[in-house]
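I opened this model to go through its sheet, its helix packing, its cores and its backbone outliers. My entries follow in the order I looked things up.

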Amino acid sequence: MSSAIRLTVGAGVVALGLLLPGTPATAAPSHTVKITIMASSDVHGNALNWDYYKNAEYDDSAHNDVGLAKISTMVSKIRADRGADHTLLFDSGDTLQGTPLDYYYAKVEPITSTGEIHPMAKAMNAIGYDAVTLGNHEFNYGLPLLGAWVTQMKAPVLGANAVSATTGQPAYQPYVIKTMKVKGEKPIKVGVLGLTNPGVAIWDKANVDGKLRFLDLVETAKKWVPVIRGLGADVVLVTAHAGDDGMSSYGSDLPVENAAAMVAEQVPGVDAVLFGHAHNEVPQRFVTNKVTGQQVLLTEPGKWGQRLSVVDFALAKERGKWTVTGKSSTTLNTNTVAEDPKIVALMKESHDKTVGYVNKVIAQSAQELSAAESPYKDTPILDYIQKVQTDLVGKALAGTADASLPVLSIAAPFSRTAVFPAGPVSVRDMAGLYVYDNTLLGVKLNGAQIKDFLEYSAKYFAQVAPGAPIDLATLTNAGGMPDYNYDQLSGVTYDIDISKPVGQRIVGLSYQGKPVTADQQFVVAINNYRQSGGGGFPHVSTAPVVYNAQVEIRQALIEYAAANGTIDPATFAEANWKLVRDGVPVFEK
């Protein structure tokens with residue numbers, strides 16, 4: 001979309017929403033204009049309304065739809081309703097990872113090799129985004145792929161707090177100012193500052209360490225908002241890939257992860273924050289700025305293109321200057337519209353290639369293996385992950401000083417719906433089991449550290465007294481702990497006593513029938529998210545790394561299955577942990 005946008009002043013336009021503090025309760029200004037800002041976020045590679053893991057149109061229990069093709073239809077309707085020259089469209093990050101479509105164009109036919117335009121760039125360019133902000137997942141496939149995508153995007157890609165590790169200068173465009181022309185009046189300037197997530201330094205350390213640093217969102221906004229205002233911006237927006245609860249999933253070594261509301265509260269001169277990262281739907285939230293007392297609007301459009309945030313601003317001409325006099329927002333459900341056939345047609349070739357890839361048969365399974373019970377039972381399907389990880393790290397250690405150490409492995413129940421069917425197993429089945437693009441590492445831990453690690457993981461279970469009924473709906477996810485942060489350990493045996501308080505649950509931790517001693521040394525196969533501090537588990541982020549070949553775990557699972565041709569639990573399944581209460585198993589085998 002052109003940065004020159006024409007607006008028509010209408011006497012009948014009414015200021016929407018909340019009057020800002022200090023707005024005089026006098027006769028309405030002679031000139032009032034309404035502008036509309038639309039925002040998506042956390043699209044995660046969903047171009048079409050399609051579930052690649054189910055090989056069917058996307059659907060969930062709430063009958064949400066997904067994808068940029070849905071967003072496109074909704075955006076077109078709003079542009080037609082409000083006038084295309086009255087609107088702007090932004091995105092708050094996490095575009096380049098999340099579906100097999102993204103994976104295919106990063107790993108199978110990488111755009112860095114083919115020179116092809118990334119399908120997400122094609123779609124966003126066709127829809128006409130005015131700016132997009134970097135999410136943390138933009139860095140998952142490395143800086144070269146990200147750089148290629150940035151150059152392919154017609155819209156500026158923003159990230160003010162991602163700076164060069166050597167010069168400290170912004171590595172990406174910090175902001176953009178869009179000019180809206182008003183017939184017979186001074187133009188309206190809308191400034192947009194983009195902020196990404198500091199957690200990139202942890203989650204993608206292998207890709208960014210020594211190359212990029214990620215600064216505090218609040219301090220970065222304090223630096224750039226006055227610059228944007230100084231350039232004449234009448235409205236200042238922040239697009240932030242950060243949730244709004246002020247918390248972090250990591251320790252205090254990095255700036256706050258979910259700082260969107262903190263920016264609104266602490267940085268003067270911000271009218272609204274369009275945020276993402278948390279995958280929540282926040283139609284409208286107001287935060288009082290501590291410096292100015294003004295109300296700052298926040299909105300988040302959920303995930304995957306299921307919602308579109310729509311923000312309306314009313315501006316009045318006061319003393320020769322445009323001033324925001326009202327603002328409101330809502331989120332619209334994309335399941336109310338059809339897919340834009342233009343985007344569907346544009347995506348057809350890349351979509352068909354991806355469908356063909358994920359349905360490729362790679363092995364035969366001796367029996368059906370399901371992950372449904374994996375959050376509370378040791379299941380063969382997770383043991384398959386453990387087997388592949390253990391073998392990879394063990395073979396890599398051969399001939400090294402650590403070759404004699406036992407190799408353990410951790411895996412978490414990423415998906416409760418994953419199934420290896422009896423018979424043909426496809427890439428899609430494997431990708432449905434391991435849904436993240438993690439890489440494999442090996443770290444050295446001692447017995448005491450492993451016990452601490454398992455105690456931390458066991459927080460996942462609610463405390464249930466001996467003899468009390470077991471309710472599967474409340475047994476897991478205690479304290480909001482997600483499934484992907486419940487790590488199970490293979491290579492040792494142990495029980496988890498859920499009748500005991502947190503920190504006192506691991507019982508009988510043994511290796512080859514003997515109790516694990518505090519100073520006993522092990523190598524643990526672990527994914528990069530966990531090793532880098534994701535989830536806040538103890539010891540692993542500071543443990544010595546003895547293996548890091550940048551092998552993607554999902555691809556390793558696929559290659560292992562293809563090489564063996566069969567997936568037979570008789571060759572890898574081992575029930576080495578269970579839930580108990582005072583020594584009595586919670587579940588029958």
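Sheet. I traced an open sheet of 5 strands in this predicted model. The order I wrote down is S28-S27-S26-S32-S33, and the pairing is mixed. I then looked for the edges: they are strand S28 (514-515) and strand S33 (584-585), each of which pairs on one side only.

At the S33 edge I checked the link to strand S32 (residues 577-581). S32 and S33 run antiparallel and are joined by 2 bridges. Across this pair, valine 580 stands opposite proline 585 of S33.

Helix on the sheet. I looked up what lies across S26 and S27. Helix H13 (residues 447-457) lies across strand S26 (493-497) and strand S27 (506-511). Relative to S27, I noted that H13 runs at about 140 degrees.

Helix pair. Next I took H2 and helix H10 (residues 341-358). Their axes are 9 Å apart and the packing angle is about 90 degrees. I count H2 as roughly perpendicular to H10, because that class covers 65 to 115 degrees. From H2, the residues in contact are Pro100, Leu101, Tyr103, Tyr104, Tyr105 and Val108. From H10, they are Ser350, His351, Lys353, Thr354, Tyr357 and Val358. Sorted by class, the contact of H2 with H10 has 8 nonpolar, 3 polar and 1 charged residues.

Cores. I listed the largest nonpolar core, which has 85 residues. Within this core, Trp149, Met430 and Ile567 touch the most other members. Helix H11 (residues 380-397) gives the most to this core, with 7 residues. I then picked methionine 430 and listed its contacts, not counting residues up to four places away in sequence. Methionine 430 touches Ile362, Tyr384, Phe420, Val425, Leu557, Ile558, Ala561 and Ile567. Another core, of 34 residues, lies apart from the largest one, and I noted Leu408, Phe453, Phe522 and Ala543 among its members.

Positive phi. I looked up two residues that are not glycine and still have a positive phi. Aspartate 94 has a phi of about 70 degrees. I placed aspartate 94 in the loop between strand S6 (87-91) and helix H2 (100-108). Is aspartate 94 buried or exposed? Aspartate 94 counts as buried, because its relative accessibility is 1% and the cut-off is under 20%.

For arginine 319, phi is about 50 degrees. Arginine 319 lies in the loop between strand S17 (307-318) and strand S18 (321-333). With a relative accessible area of 83%, I recorded arginine 319 as exposed.

Notes: Residues are numbered from 1 along each chain as its sequence is written. This is a predicted model: local features need pLDDT of at least 70, side-chain atom pairs count only at pLDDT 80 or more; totals for chains, interfaces and linings use all residues. Side-chain values use heavy atoms; hydrogens and water are left out. A nonpolar core is a set of buried Ala, Val, Leu, Ile, Met, Phe, Trp, Tyr and Cys residues joined through side-chain atoms within 4.5 Å. Buried means under 20% relative accessible area, exposed over 50%, partly exposed in between (1.4 Å probe, protein chains only). Helices (H or I, at least four residues) and strands (E, at least two) are DSSP runs, numbered from the N terminus. Contact means heavy atoms within 4.5 Å. Two strands pair if DSSP finds at least two bridges between them. Axes are lines fitted to C-alpha atoms, for helices over the stretch in contact, and angles run from 0 to 180 degrees between N-to-C directions. Angles under 35 degrees count as roughly parallel, over 145 as roughly antiparallel, 65 to 115 as roughly perpendicular and the rest as oblique. Ala, Val, Leu, Ile, Met, Phe, Trp, Tyr, Cys and Pro count as nonpolar, Asp, Glu, Lys and Arg as charged, and the others, Gly among them, as polar.
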